[in-house]
Amino acid sequence: MPAIATATALEVNNVRKQFGALAAIGGVTLTVGQGERRAVIGPNGAGKTTFFNLISGALPLTSGSIVLNGANVTTVPAWKRVRMGLSRTFQRNNLFLSLPVYDNVQLAVQREKGTSYNLFRPASGFPEVRAKVLEILDKVGLSHRAEVEVANLSYGEQRQVEVALALASDPKILLLDEPTAGMSITETRRMIDLIKGLPRDLTLMIVEHDMEVVFAISDYITVLHLGQVLTGGTPAEVEADPRVREVYLGEE
Amino acid sequence: MSIDNINKPKAEIADSNVAATSVMGRLIQGRFATGWSWAVGGVVVLALIAYPFVNPSDTFGINLLVQILIAAIFALSYDLIFGYTGLLSFGQASYYGLGGFAAGLLVARFNISNFWLSLLVAIVVASLGAAILGIFSIRTSGVYFMMLTLALAQMLFSLASKWDFTGSSDGVTFTRPEFSIFGFSLTDLVPFYLFVLFAFVVCFLVLTMVIRSPFGQALKGIRDNENRMTAVGYQTRNFKLVAFIIAGAIAGLAGGLNALSNGFVGANTLNWVNSGAVLVMVLLGGKGTLVGPVVGAFFTIWLQSQIQGSGSSIPLGNYTLADRWLSVLGIIFMVFVLFAPNGLVGLGKSLVRSKLVKNLLGRVK
Ligand SMILES: Nc1ncnc2c1ncn2[C@@H]1O[C@H](COP(=O)(O)OP(=O)(O)OP(=O)(O)O)[C@@H](O)[C@H]1O
Ligand SMILES: [Mg+2]
């Protein structure tokens, strides 16, 4: 745990996810404090993405429970968890491909601002929505691409839209699934800066293979292996742990 | 690191300037493009208004235009579901049929002969029908959604074709309610035509407004990626249901106008063939645009009238071309799905972009 004792943002209690005979997540328990920067690492197939899918509500649990800011959300649908302050990005770009970047972000912002059921005014005619969209585009560095259809963006730019969509709903807890995978070095640097600049009270969980990113961002690392928590600790502790090297080397 | 920090604010300032110019650019370009579309649309509507005064004796043509406009309203309603929300429903005929029966039965069974009331009841009954059928259909997706909308629609169809109240297989004939505006009787062809044109323009404008609204954006989001909509906090089911109800209301208006235009409504209006026909119209014209369904309705109804007029003399095996209207629709459907998924409007757009614009720009340079 980080030095500052804080309120608990997320509690995962003995969570299991079974895909047929495979226990993709086989009984994971962990707690993440408010404002923590938590990295989740592990070899391919360890269950990191599945774990995020369970926390965000994209997949139902087989057993166990999930508590978000004190509220049990185990059976709460994904869209409601977003409204409780939980937001996520996807490992594989998961965007509105036929719409321009601006409209992609606008969809997330108008939901947050509560104007989505308005049938009578043009979507672009809400100043508070527009200001927020422009702010987020600026933050992720896509202002100059606002009018481009997402399908025509580079892969790295699409990754930035992923993050923009997640930020648009002003999350209290943010789950990033390999945000820098496929990004250029410049784009990765920019993403690190962006993440470092997030509000200090925001709780962050990040799945990342790039150790440079993990070390730059996280204050605590959980290592998943075969659907279970292998170990956890500060970046320095985890780096020194021979078991961690073993599972990574064993896979390679 | 220190160089990065020095450069960063500058880069950010540059970015927000680009943002401002690009958003302005979007507005200006958008206004320019929509300005042109509105001008063209206005000219078309004026021409349609003028037509019966220029050719008062062409009752065949005016009748055909009435049918085209009604079909266009119906196709517009379906495009909200299919083109904008991405739901391949095979039940749009249900709301058209419900509207028609509501308008007709009010006269034939309840002896209330009131034009406005018939239209109002058509819209209300069709939206209620859309709400009820929608609640069931929307819980499913993909092939199941298709099958369920089809099954529910065919249930209504077989009910109407067996029930005496709805005229079973013969349909219901009724006296068209008398109504006049500015002293013109709407039972006369030309005033009725102008009224249908007015209804069409209103529907087009209402849908334009809906499509541009935040709600319309949400429908496009559902079409593109429903799962992602959920992940940014939308309860997508509600949006789909509201889209169903709006589309149902407009289809009901089209069905009501059709019944009032003929003084007749039959179970066939509920048949899946009608749902298939609007699907073809929307695909042919261009899904996800409002002009597309109108163009599609125009071509489909015009072609149908041509084939049923002259096609009855064109032999096709043991049948004539007119008997093969459904096959013709099917072939149009296949050709457009395979070769022009964005319809005539899409073809037009790519033509304009590729040749004309390049030539013009070339000349400017
Ligand atoms: N929907 C699913 N159905 C069946 N099996 C699944 C499903 N999703 C994931 N799995 C399996 O669960 C295991 C964990 O997958 P997951 O995607 O969570 O791993 P990961 O740690 O995110 O891996 P990577 O680093 O490659 O992204 C894998 O063996 C995978 O094949
Ligand atoms: Mg993964």
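This passage walks through chain A, its interface with chain B, and one proline of chain B, all in a predicted model.

Chain A comes first. Its secondary structure adds up to nine helices and 10 strands. The radius of gyration of chain A is 18 Å, close to the 18 Å that the globule rule gives for 252 residues, so chain A is as compact as a globular protein of that length. Put in a box along its principal axes, the C-alpha atoms of chain A take up roughly 55 × 40 × 40 Å. Of the 252 residues in chain A, 56% are buried. Contacts along the sequence tell a bit more about the fold: taking those in chain A between residues at least 6 apart in sequence, 67% link residues that are at least 24 apart.

Next comes the place where the two chains meet. Here 40 residues of chain A are in contact with 33 residues of chain B. A handy way to put a number on such a meeting is area, as the size of an interface is often given as the accessible area lost when the parts come together. For chain A and chain B, the buried area is about 3400 Å², and carbon and sulfur atoms give 57% of it. Three residues stand out on the chain A side: Trp79(A), Tyr117(A) and Leu119(A) supply 19% of the area that chain A buries against chain B, more than any other three residues.

What about charges and polar groups? The rule finds one salt bridge across the interface of chain A and chain B. Its partners are Arg228(B) and Glu162(A), with their closest N and O atoms 2.8 Å apart. Polar contacts between the two chains come to 20 residue pairs, counting pairs with both residues at pLDDT 80 or more. On the side of chain A that touches chain B, at least two residues each come from helix H2 (78-83), helix H3 (101-113), helix H4 (127-140) and helix H5 (155-167) of chain A. H3(A) gives the most to that side, with seven residues. Sorted by type, the residues on this side of chain A are 20 nonpolar, 10 polar and 10 charged.

Finally, over to chain B and its Pro52(B), which is found in helix H1 (residues 2-54) of chain B. Is this proline buried or exposed? Pro52(B) has 2% relative accessibility, so it counts as buried, the cut-off being under 20%. Setting aside neighbours within four places in sequence, Pro52(B) is in contact with Ile62(B), Val190(B), Tyr193(B) and Leu194(B). Glu226(B) lies 174 residues from Pro52(B) along the chain, and the C-alpha atoms of these two residues are separated by 46 Å.

Definitions and conventions. Residues numbered from 1 in each chain as written. Chains lettered and ligands numbered in written order. Predicted model: local features only at pLDDT ≥ 70, side-chain atom pairs only at ≥ 80, totals over all residues. Heavy atoms only, no water. Contact = heavy atoms within 4.5 Å. Buried area = accessible area lost by both parts, 1.4 Å probe. Salt bridge = Lys/Arg side-chain N within 4 Å of Asp/Glu carboxyl O. Polar contact = N/O pair within 3.5 Å; in protein donor to acceptor, adjacent residues only side chain to side chain. Helix = DSSP H or I, 4+ residues; strand = E, 2+ residues; numbered from the N terminus. Nonpolar A, V, L, I, M, F, W, Y, C, P; charged D, E, K, R; others polar. Rg over C-alpha atoms; globule rule 2.2 N^0.38 Å. Buried < 20%, exposed > 50% of the residue type's maximum accessible area, 1.4 Å probe, protein only.
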